[in-house]
Amino acid sequence: LLAVCPLPEASAHYLWVTIDNQGGRTANIIFEEAPSAGDGHYMDHFAGTSKTWFRSLEQIEPKLIQTSDIRKEDKRWLQVKLPAETPCGVSCYGMFGVYSYGQTKVLLHYYARHLDVRTHDGLHELGRAEHMDLDIVPHDSESKVELAVLWQGRAAAERMVFIRGPKQFRKNVKTDEKGRVEFTPVAAGRYTFRTSVEEASPGREDEEDYALIRHNSTLIMKLPLDK
């Protein structure tokens with residue numbers, strides 16, 4: 001049973017995947033408010049629960065890859081080296097555990113993806129990540145981009161999607177009955193997408209009771225794609 005609850009925007013951490021093509025290609029797994037390395041205060045929560053996968057046009061099936069714990073100055077994140085630049089997708093899942101929102105205890109799951117593709121064909125091949133329970137699937141159509149939110153392969157209707165892009169582009173929109181939203185990129189650059197679903201399923205994890213299960217998902221990619 002899904003619960004429709006507001007998704008807090010401010011002062012919340014999310015799991016992000018970024019890909020850096022400078023000085024050797026790497027994927028970075030970050031748990032911060034924004035997709036840039038921070039103090040990594042909560043990274044220990046993902047020890048033993050996180051999994052990271054790599055996919056490319058030559059390797060469509062997701063392949064598990066091993067990350068390294070990086071600590072530089074006052075920052076901490078996970079990192080993994082990637083093959084030379086090629087259209088690819090990197091995805092990560094991690095269970096945070098139980099967190100208290102006021103009097104409500106919630107079991108938190110996080111899903112993050114980065115799509116490093118430049119063409120429609122590349123997006124078509126790598127856009128859907130079937131190994132992720134909660135997925136944001138992008139599709140380009142002329143000047144617009146459609147996002148489909150899928151929960152366990154089914155459309156997630158009435159879910160808020162938070163879209164951020166260059167030139168301070170901000171759009172918060174709710175998915176329709178088919179789990180879809182659409183928007184027009186305002187400028188070339190990096191776009192981030194975020195959504196969530198909740199299950200009204202009380203339970204117990206690591207000797208803590210919880211009232212809800214919340215699944216949070218993020219996706220990062222550059223737009224627009226090449227013609």
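How many bridges join β16 to strand β19, and in which sense do the two run, parallel or antiparallel? Eleven bridges, and the strands run antiparallel. Before I go on, keep in mind that what we're looking at is a predicted model.

Okay, let's stay with β16 for a bit. That's residues 189-199, and the strand is mostly covered, with nine of its eleven residues buried. Its partner β19 covers residues 212-223. If you want a spot to click on, take Gly189, whose bridge partner in β19 is Leu223. β16 also pairs with strand β13, residues 160-165, through three bridges, and that pairing is antiparallel. Over there, look for Arg164, standing opposite Thr192 in β16.

There's a salt bridge across β16 and β19 too. Arg214 and Glu198 meet through their side chains, 2.4 Å from N to O. Arg214 sits in β19 and Glu198 in β16, so this pair links distant parts of the chain, 16 residues apart. And are those two buried or exposed? Both Arg214 and Glu198 are buried.

While we're on charges, the count for the model comes to 13 salt bridges. I'll show you a couple more of them. The first is Arg113 with Asp135, at 3.0 Å from N to O. Arg113 belongs to strand β9, residues 104-116, and Asp135 to strand β10, residues 134-141, so the pair ties together parts that are 22 residues apart in sequence. Why do we call Arg113 buried? Because its relative accessible area is 5%, and the cut-off for buried is under 20%. Asp135 is buried as well, with a relative accessible area of 1%.

Now swing round to Glu182 and Lys144. The closest N and O atoms of that salt bridge are 3.3 Å apart. Glu182 lies in strand β15, residues 180-183, and Lys144 in strand β11, residues 144-151, so here the pair ties together parts that are 38 residues apart in sequence. Glu182 counts as partly exposed because its relative accessibility is 42%. Lys144 is partly exposed too, with a relative accessible area of 38%.

Let me come back to Arg214 and Glu198, with their 2.4 Å N to O separation, because there's one more thing to put beside that pair. Elsewhere, salt bridges that share partners join Asp44, Asp69, Arg71 and Arg76 into one network.

Right, next stop, strand β8. This one is residues 88-101, and it's mostly covered, with eleven of its 14 residues buried. β8 pairs with β4 in the antiparallel sense over six bridges, and one place to see it is Phe54, whose bridge partner in β8 is Val90. β8 also pairs with β9, again antiparallel, over 13 bridges. There, Val98 has Leu107 as its bridge partner in β9. β8 and β9 form a hairpin with two residues between them, and Gly102 in that turn has a positive phi of about 65°.

On the β4 side, have a look at Ser56. β4 is residues 51-56, and Ser56 is part of it. Ser56 counts as buried because its relative accessibility is 4%. What does Ser56 touch, leaving out residues up to four places away in sequence? The answer is Pro87, Cys88 and Leu126.

Another residue I'd like you to find is Tyr210, in strand β18, residues 208-210. Tyr210 is buried, with a relative accessible area of 12%. Setting aside residues up to four places away in sequence, Tyr210 has contacts including Val98, Leu107, Pro202 and Arg204. You've already met Val98 and Leu107 as bridge partners in the hairpin strands. For scale, the C-alpha atoms of Tyr210 and Ile19 are separated by 34 Å, and the two are 191 residues apart along the chain.

Last topic, the nonpolar cores. Which residues touch the most other members of the largest nonpolar core? Out of 33 residues, they are Leu147, Phe183, Phe193, Met221 and Leu223. Leu223 is the one we saw bridging to Gly189 at the start. Met221 touches Gly189, Arg190, Tyr191 and Phe193, and its contacts also include Leu115, Leu123 and Pro138, not counting residues up to four places away in sequence. Apart from that core lies another one, of 28 residues, with Ala27, Phe46, Leu78 and Cys88 among them. And Cys88, remember, is one of the residues Ser56 touches.

That's my tour, thanks.

Notes. Residues are numbered from 1 along each chain as its sequence is written. This is a predicted model: local features need pLDDT of at least 70, side-chain atom pairs count only at pLDDT 80 or more; totals for chains, interfaces and linings use all residues. Side-chain values use heavy atoms; hydrogens and water are left out. Buried means under 20% relative accessible area, exposed over 50%, partly exposed in between (1.4 Å probe, protein chains only). Helices (H or I, at least four residues) and strands (E, at least two) are DSSP runs, numbered from the N terminus. Two strands pair if DSSP finds at least two bridges between them. Contact means heavy atoms within 4.5 Å. A salt bridge is a side-chain nitrogen of Lys or Arg within 4 Å of a carboxyl oxygen of Asp or Glu. A nonpolar core is a set of buried Ala, Val, Leu, Ile, Met, Phe, Trp, Tyr and Cys residues joined through side-chain atoms within 4.5 Å.
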